[in-house]
Amino acid sequence: MRILLVEDDLPLAKALQKSLQSEGFVVNHVNQGKLAINALSTPDQDMIILDLGLPDIDGLDVLKQLRNQKSTLPVIILTARDSVESKVKGLDYGADDYLVKPFEIQELMARLRVIERRLGTASSSLICVGQVKLDTFAHKVVVGESNMNNEIEIHFSKKEFMVLKALMENAGRILSREQIESKLYHWGEEVLSNAVEVHIHKLRKSLPEKFIQNVRGVGYIINNAH
Ligand code: CA
């Protein structure tokens, strides 16, 4: 899940980015409304966390512009304005939820999970392909057959898990290295040119043979039938 974080309070933005990333979200951060509007013209986001008090354009106007473009991207607004009016306005303008500053990070996480569930990306928290089961909530991967009593849990690093999740969610479709990278890294984060290959190599060591296939020059695929 990729989040665009629009927040001009840099220490807060840094802290949020860190917490969200440790939960497996990919976070792209901008500190101005204009930059947010630019960023929203690319399909790089699944969700927005939008501060209302921005230095250039009011967050509510960013939201308005987004909804005028018929975008249904989920938006959580952050407001320091503890007034009923700004909350109501935000919701009227099409925000999905709001948090009043200061808030607890756990509360934000809970709100994000609600949106994730609604989006359906997490409605089936269990993705099964062949003998591999991946639980997106519990961050668990189990390989084997339950009726054969030979299931074992395999521990992967956070990035390895994210690569496997991306491929399993798209089982039957080839994902290019760039598509996989965009799900793992935020803008400006340094990516080693062979990072995806390294993650795939690690994953393959613990997964059934030929579970992840390499399509030469195109990318990687997990076939539906195993
Ligand atoms: Ca602000």
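Begin by selecting Asp 97, which is placed in strand E5 (residues 97–100); helices (H or I, at least four residues) and strands (E, at least two) are DSSP runs, numbered from the N terminus. The model is a predicted one, in which local features need pLDDT of at least 70 and side-chain atom pairs count only at pLDDT 80 or more, while totals for chains, interfaces and linings use all residues. Residues are numbered from 1 along each chain as its sequence is written, and side-chain values use heavy atoms, with hydrogens and water left out.

Asp 97 counts as buried because its relative accessibility is 19%; buried means under 20% relative accessible area, exposed over 50%, and partly exposed in between (1.4 Å probe, protein chains only). Display next the residues that Asp 97 touches: Val 75, Ile 76, Ile 77, Leu 91 and Arg 111, not counting residues up to four places away in sequence. Contact here means heavy atoms within 4.5 Å.

Move now to the largest nonpolar core, which has 30 residues. Such a core is a set of buried Ala, Val, Leu, Ile, Met, Phe, Trp, Tyr and Cys residues joined through side-chain atoms within 4.5 Å. Select Leu 164, Leu 167, Met 168, Leu 207, Phe 211 and Ile 212, the members that touch the most others. Elements that each supply at least two residues of this core include strand E6 (126–129), helix H6 (158–169) and helix H8 (195–206). The largest share of this core, 7 residues, comes from H6.

Centre the view on Met 168, which touches Ile 127, Cys 128, Val 129, Val 132, Leu 134, Phe 211 and Ile 222, leaving aside residues up to four places away in sequence. Apart from the largest core lies another, of 19 residues, among them Val 6, Ala 36, Leu 40 and Leu 63.

Then select helix H7 (177–184). Its buried residues are Ile 180, Glu 181 and Leu 184. Seen down the axis of H7, these fall within an arc of 100°, so they line one face of the helix; the arc is that of the directions from the helix axis to the C-beta atoms. The buried residues of H7 pack against strand E2 (26–30), H6, H8 and E11.

Finish at the lining of the largest pocket, where 8 nonpolar, 5 polar and 8 charged residues are found. Ala, Val, Leu, Ile, Met, Phe, Trp, Tyr, Cys and Pro count as nonpolar, Asp, Glu, Lys and Arg as charged, and the others, Gly among them, as polar. A pocket is an open set of points on a 1 Å grid over the protein atoms alone, where a 1.4 Å probe fits, with protein on both sides within 12 Å along at least five of seven lines; lining residues have an atom within 4 Å of a point. Met 1, Gly 24, Phe 25, Glu 116 and Lys 165 lie nearest the centre of this pocket.
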